[in-house]
Amino acid sequence: MVGGRPAESVLTNSGRRQRPSQTEAEAAVRTLIEWAGDDPDREGLIGTPERVVRAYEEFFAGYNEDPVALLETTFEETAAYDEMIVLRDIRLESHCEHHIVPILGKAHVGYLPTGRVVGISKLARLVEVFAKRLQIQEVLTAQIADTIQEVLNPRGVGVVIEAAHQCMTTRGVRKPGVSMVTSRLLGSFRNDPATRREFLAMIGSPRSGSNGI
């Protein structure tokens, strides 16, 4: 392990490749500082490469965790509870894979159990595991819903994410105050209009209340 992260390899679309060392990562940050026009050896910046690498370890910690394993511990003593379970307003902090700038918002997750439930903290952790990777919001939404469906096999799953993308608000078109809403509805959440309406009513409209974005 280097800096709390696996050092041997990193998974890519084309297979596994060697993960750069912490020294190599810090050298890359120094290069970016120089490219931006500053001196990485001046007092205020001399420790920045190390700090950036440590920050990246936090920002992208989701690559080190197995989202399926998070949901494998469930509870069957539920007194035959079979109504909707919804966790609203889960704080979401991710990074856009196109510009590596923050995506900030909230996730709402619901499911209809079939004889077993998972601890609610696990749902929040599942959101965090996928969020702490380079992402686009559409894929993030699908990953959360699909994993719940795969592991818990409930009657239905609903995931709605509303977030602001700083790649749009602080650069490019520079449109602050804009949020993006994505959803993934599976099973009865997709096929049963009454279930879908109940879920959407429980989480409220995307801009109702404070959403932290």
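What share of the contacts in the chain with a separation of 6 or more comes from residues 24 or more positions apart? The figure is 67%. Please keep in mind while reading that this is a predicted model.

## The chain as a whole

The chain has 213 residues, of which 38% count as buried. Its secondary structure amounts to eight helices and nine strands. About 12100 Å² of the chain is exposed, and carbon and sulfur atoms supply 52% of that area.

## The sheet

Let us turn to the strands. Five of them form an open sheet, in the order β7-β4-β5-β8-β9, with mixed pairing. At its edges are β7 and β9, each of which pairs on one side only. The table walks across the sheet, pair by pair.

| Strand pair | Sense | Bridges | Example of facing residues |
|---|---|---|---|
| β7 and β4 | parallel | two | C96 opposite Q135 in β7 |
| β4 and β5 | antiparallel | nine | H95 opposite P102 in β5 |
| β5 and β8 | antiparallel | 10 | L112 opposite G156 in β8 |
| β8 and β9 | antiparallel | eight | G156 and G187 in β9 |

G156 therefore turns up twice: it is opposite L112, and its bridge partner in β9 is G187. Strands β4 and β5 also make a hairpin with five residues between them, and in this hairpin I100 takes a positive phi near 55°.

How enclosed are these strands? In β8, 10 of the 10 residues are buried, so the strand is largely enclosed by the rest of the structure. In a regular strand the side chains alternate between the two faces of the sheet. For β8, one side holds G156, G158, V160, E162 and A164, while the other holds V157, V159, I161, A163 and H165, and all of these are buried. Strand β5 gives a similar picture: nine of its 11 residues are buried, so it too is largely enclosed by the rest of the structure.

## V109 and the nonpolar core

In soluble globular proteins, nonpolar side chains tend to be buried together. Here, the largest nonpolar core has 30 residues, and those with the most contacts inside it are V109, Y111, I144, I148 and I161. At least two residues of this core come from each of β4 (85-96), β5, β6 (117-118), α4 (120-131), α5 (137-152) and β8 (156-165). Helix α5 supplies the largest share, six residues. Another core, of eight residues, lies apart from it and includes M84, V86, L112 and F189.

V109 is a good residue to centre your viewer on. It is found in strand β5, residues 102-112. With a relative accessible area of 0%, V109 is buried because the cut-off for that class is under 20%. Leaving aside residues up to four places away in sequence, V109 touches I85, V86, L87, I90, L123, V127, I144, I148, G158, V159 and F199. One of these contacts spans a long stretch of chain: V109 and F199 are 90 residues apart along the chain, yet their C-alpha atoms are separated by 9.2 Å.

## A buried glutamate

What about charged or polar side chains inside the fold? E162 is one to look at, and it lies in strand β8. Its relative accessible area is 4%, so E162 counts as buried. The side chains of E162 and H108 are joined by a polar contact of 2.7 Å. Within the sheet, E162 is also the bridge partner of K106.

## Two helices

Helices α4 and α2 make a handy pair to set side by side. Helix α4 has 12 residues and reaches 17 Å from its first C-alpha to its last, close to the 16 Å expected at 1.5 Å a residue. Helix α2 (residues 48-59) has 12 residues as well and reaches 16 Å, close to the 16 Å expected.

An α-helix has 3.6 residues a turn, so residues three or four places apart point the same way. In α4, the buried residues are L123, L126, V127, V129, F130 and A131. They pack against α3 (67-70), β4, β5, β6, β7 (134-135) and α5. Two of the α4 residues, L123 and V127, are among those that V109 touches.

In α2, T48, P49, V53 and E57 are buried. The buried residues of α2 pack against α1 (22-36).

Conventions:
Residues are numbered from 1 along each chain as its sequence is written. This is a predicted model: local features need pLDDT of at least 70, side-chain atom pairs count only at pLDDT 80 or more; totals for chains, interfaces and linings use all residues. Side-chain values use heavy atoms; hydrogens and water are left out. Helices (H or I, at least four residues) and strands (E, at least two) are DSSP runs, numbered from the N terminus. Buried means under 20% relative accessible area, exposed over 50%, partly exposed in between (1.4 Å probe, protein chains only). Contact means heavy atoms within 4.5 Å. A nonpolar core is a set of buried Ala, Val, Leu, Ile, Met, Phe, Trp, Tyr and Cys residues joined through side-chain atoms within 4.5 Å. A polar contact is a pair of N or O atoms within 3.5 Å; within protein, one must be able to donate a hydrogen and the other to accept it, and residues adjacent in sequence count only if both atoms are side-chain atoms. The expected span of a helix is 1.5 Å times one less than its number of residues. Accessible areas come from the Shrake-Rupley method with a 1.4 Å probe; for residues, only the protein chains shown count as cover. Two strands pair if DSSP finds at least two bridges between them.
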